[in-house]
Every structure is written in C-alpha cells, then in structure tokens.
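Let's walk through this model together, from the overall layout down to single residues. Keep the viewer open and follow along as we go.

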Amino acid sequence: RTVGVDCTVYTRYSKQTEIDFEKHNQQCEPIRIIQMPQAVHDRYLIIDNEVWLLGASVKDMGRGLTTVIKLSFTPKEILNRI
C-alpha cells in the first residue's frame, strides 16, 4: 500500500487481532481498526468505490477455488447494512 492510502478494517475484536495490527502499524503505514458491533460471517473488500464479496476468508484464499464477486452496492450502502 502506497504511503498516504487509507486503510480501514472492520472486524470482530480479539486480542490476537489487536496484537497483529499493533505490530503492523509500528512497521508500516497504519491501518485503522473499527470493531464490529456484531458478528458478520461474510467478507467484503472495499476498494475506492467498489465492493467485492469474498467467498473465503482472506487467509484461505489461494488454497483452492475461491469466488470473488463484484457487488452493485456502494461502500456506504454495505457499511450501513452491517
């Protein structure tokens, strides 16, 4: 990620997630974390004004067939629904 490009991750809280992001933010351009108020099973990737639905968790992508679908929702619409 280029310096100056914002990144925000919406996720459920876990101590390990907090530790991982603290380490990352010490070494790289910081990522902002927003804790989700509830569990969300689906994984969405928002890049600029496009929303993508990921068929597998990011850590498992590349291990097998994975579906990635571009959605017609705007980032604001999907974030309001979560």
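Starting at the N terminus, the protein chain orders its elements as β-α-β-β-β-β-α. That comes to two helices and five strands, where helices (H or I, at least four residues) and strands (E, at least two) are DSSP runs numbered from the N terminus. What you have on screen is a predicted model, so local features need pLDDT of at least 70 and side-chain atom pairs count only at pLDDT 80 or more, while totals for chains, interfaces and linings use all residues. Residues are numbered from 1 along each chain as its sequence is written, and side-chain values use heavy atoms, with hydrogens and water left out.

For the overall dimensions, take the principal axes: the C-alpha atoms of the protein chain fill a box of roughly 35 × 30 × 30 Å. How many of the 82 residues count as buried? The share is 11%, with buried meaning under 20% relative accessible area, exposed over 50%, and partly exposed in between (1.4 Å probe, protein chains only).

Now go to the start of the fold. Strand β1 (residues 8-11) and strand β2 (residues 32-35) run parallel, joined by four bridges; strands pair here if DSSP finds at least two bridges between them. One of the contacts to look for is Thr 11, whose bridge partner in β2 is Gln 35. Between β1 and β2 the chain passes through helix α1 (residues 15-27), making a β-α-β crossover that is right-handed. The handedness test is simple: with the strands pointing away from the viewer, the path from the first strand over the helix to the second has to run clockwise.

Tyr 10 also lies in strand β1. Its C-alpha sits 6.1 Å from that of Ile 33, although Tyr 10 and Ile 33 are 23 residues apart in sequence. Is Tyr 10 buried or exposed? Neither quite fits, because Tyr 10 comes out at 37% relative accessibility and so counts as partly exposed. Together with Ile 46 and Leu 79, Tyr 10 makes a nonpolar surface patch of about 220 Å². The patch rule takes residues with over 30% relative accessible area and no salt bridge, joining like charges within 9 Å and nonpolar side chains (Val, Leu, Ile, Met, Phe, Trp, Tyr) within 5 Å. The areas themselves come from the Shrake-Rupley method with a 1.4 Å probe, and for residues only the protein chains shown count as cover.

Next, the charged pairs. Side chains of opposite charge can pair when their charged atoms come close. With a salt bridge taken as a side-chain nitrogen of Lys or Arg within 4 Å of a carboxyl oxygen of Asp or Glu, the count comes to two. In one of them, the side chains of Lys 15 and Glu 18 meet at 3.5 Å, N to O. Lys 15 and Glu 18 are three residues apart in helix α1, so about one helical turn separates them. Glu 18 is partly exposed, at 28% relative accessibility.

Another salt bridge pairs the side chains of Glu 50 and Lys 70, at 3.2 Å from N to O. Glu 50 is in strand β4 (residues 50-54) and Lys 70 in strand β5 (residues 68-71), so this pair ties together parts that are 20 residues apart in sequence. Glu 50 counts as partly exposed at 33% relative accessibility, and Lys 70 counts as partly exposed at 47%.

What about the cysteines? A disulfide is a covalent bond between the sulfur atoms of two cysteines. Using a cut-off of 2.5 Å between the sulfur atoms, the model has zero disulfides. Why does Cys 7 have no bond? Because the closest cysteine sulfur, in Cys 28, is 11 Å from the sulfur of Cys 7, too far for a bond. Cys 7 is partly exposed at 24% relative accessible area, and Cys 28 is partly exposed at 40%.

Two loop residues round off the tour. Asp 48, in the loop between β3 (43-47) and β4, has a positive phi of about 55 degrees although it is not a glycine. At 70% relative accessibility, Asp 48 counts as exposed. Thr 74 lies in the loop between β5 and α2 (75-81) and is partly exposed, with a relative accessible area of 37%. From Thr 74 to Lys 23 the distance is 31 Å, C-alpha to C-alpha, with their positions 51 residues apart in sequence.
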